[in-house]
Amino acid sequence: MNIFTSGSQAVIGHGIREIYPTESGTDAGWASAVVAAAGFSGVRAHCALSFTPGGRAVAVLPELSEVVGYDAIELAHPGPLAPTEVTPEPAPSGYAAMVEAALRRIADGDVAKVVLGRQLQVRAPGLRPEHLLGPLLADRPGEYVFSQTLTEGAVAVGASPELLVRRSGHAVSAVPLAGSVPRVEDPAEDRQRAERLLSSAKDLAEHAHVVEAITAALLPLCRELDWPRTPILHRTDTLWHLATPINGVLHEDRPLPSALELAQLLHPTPAVGGVPAPEAAALIAELEPVDRGYLAGCLGWTDGNGDGEFAVTIRAGIVGHDELRLFAGAGIVAGSVPELEVRETGAKLGTMLRALERNPAGALR
Ligand SMILES: C=C(O[C@H]1C=CC=C(C(=O)O)[C@@H]1O)C(=O)O
């Protein structure tokens with residue numbers, strides 16, 4: 001089952017009618033073929049793009065699509081899960097060294113911002129997507145809870161807090177997030193952290209890069225585009241983020257881009273890549289020891305009219321055969337502190353680790 005939740009609803013795809021994989025996610029012909037096939041079959045296509053624009057992408061056409069109320073989602077019980085074992089790639093100290101290397105490159109003027117990630121490889125005998133999906137649907141640590149079939153039997157599961165793009169007719173929206181601080185239990189201290197985030201020059205700069213990239217890409221397509229000039233706060237289970245709601249109206253007298261084409265256009269934003277984009281992508285490839293694949297990509301659905309909704313594939317994992325791969329990244333700009341970025345990525349990884357631990361025998365070793 002493919003599922004993507006948003007607000008009070010869930011788009012669910014039952015069964016698999018056809019899979020459209022591509023080695024090149026930037027292929028415009030692929031996007032229009034997917035939308036046309038969704039229209040022909042009268043279903044919503046569940047799509048995922050890799051982090052790398054030229055990387056793999058996949059669209060799954062289900063046998064049957066339905067939109068159900070959030071409370072009506074039914075999951076099969078996945079059965080017991082054996083104890084799991086976690087290997088960091090790299091270790092936290094290695095990640096801190098990567099951040100230091102990135103800060104040197106920022107000081108040299110090579111990049112203004114780069115989002116550096118680290119991964120956890122979790123050995124989890126018997127793991128099924130439902131082991132994670134169940135707790136994520138119950139707790140909803142992020143707005144967009146999903147399970148998406150990928151290529152080669154892998155499944156992306158997560159609870160992303162970040163809307164890459166939504167298109168409904170001519171209305172288009174995005175809610176980029178960037179600039180974060182881990183939350184704490186004490187309510188007064190938690191609130192203070194959030195307030196400090198709102199006035200942190202480093203985080204505001206980190207955030208502004210993302211808003212700039214998205215609005216620059218959308219402006220030529222829109223006859224109207226609005227966004228507040230100062231970000232607002234967004235809360236997840238483990239973090240506070242800076243967020244900017246962007247809303248627009250696409251030109252009526254031009255060909256209407258589908259939600260999938262808009263996702264291809266916007267992704268990867270500097271919330272997962274950096275600025276300038278090509279130099280940041282090269283630095284990520286140089287410093288990160290493991291390829292991101294579909295992690296830090298984007299996923300969602302499109303219908304035959306091109307309406308749809310895509311989230312950034314963060315607070316997410318890839319379920320493979322007896323294993324799970326988790327990713328978390330953090331935006332590095334001048335003024336970033338390696339130790340704090342280790343903690344921030346730790347808090348981000350916590351969302352999925354918590355879901356895993358909610359299974360009776362899924363306790364970490
Ligand atoms: C790249 C991730 O988060 C992005 C989204 C929100 C805040 C971010 C930050 O403050 O660095 C990241 O840009 C992730 O969760 O793996």
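Hi everyone, this is a short walk through one protein model, from its overall build to one strand and then to the ligand.

Before we start, this is a predicted model, in which local features need pLDDT of at least 70, side-chain atom pairs count only at pLDDT 80 or more, and totals for chains, interfaces and linings use all residues. Residues are numbered from 1 along each chain as its sequence is written.

Let's begin with the whole protein. There are 8 helices and 22 strands; these are DSSP runs numbered from the N terminus, with helices being H or I of at least four residues and strands being E of at least two. The radius of gyration is 19 Å, close to the 21 Å that the globule rule gives for 365 residues, so the protein is as compact as a globular protein of that length. That radius is taken over C-alpha atoms, and the rule is 2.2 Å times the number of residues to the power 0.38. Along its principal axes, the C-alpha trace spans about 55 × 50 × 40 Å.

How much of the protein is buried? Buried residues make up 50% of the 365. Here, buried means 20 or more other C-beta atoms within 10 Å of the residue's own, exposed means 12 or fewer, and partly exposed lies in between, with C-beta atoms placed from the backbone.

Now please find strand 8, residues 113–123. Of its 11 residues, 8 are buried, so this strand is largely enclosed by the rest of the structure. Which strands does it pair with? For two strands to pair, DSSP must find at least two bridges between them. Strand 7 runs antiparallel to strand 8, joined by 5 bridges. Strand 22 (residues 323–332) is also antiparallel to strand 8, over 10 bridges, and strand 18 (residues 274–275) pairs in the antiparallel sense over 2.

Val122 is a nice residue to click on: Val86 has it as bridge partner, and Val122 also stands opposite Leu324 in strand 22. Elsewhere on strand 8, Val114 stands opposite Gly274.

Just before strand 7 (85–89), Thr84 lies in the loop that follows strand 6 (64–69). Thr84 counts as buried because it has 24 C-beta neighbours inside 10 Å. Its C-alpha atom is 4.7 Å from that of Ala124, 40 residues apart along the chain.

Finally, the ligand. Of the 17 residues around it, Leu177, Ser180, Ile314, Gly329 and Gly331 come nearest; a residue is near if its C-beta atom, placed from the backbone, lies within 6 Å. Strand 13 (177–182) and strand 22 each supply at least two residues of this shell. Thanks for listening!
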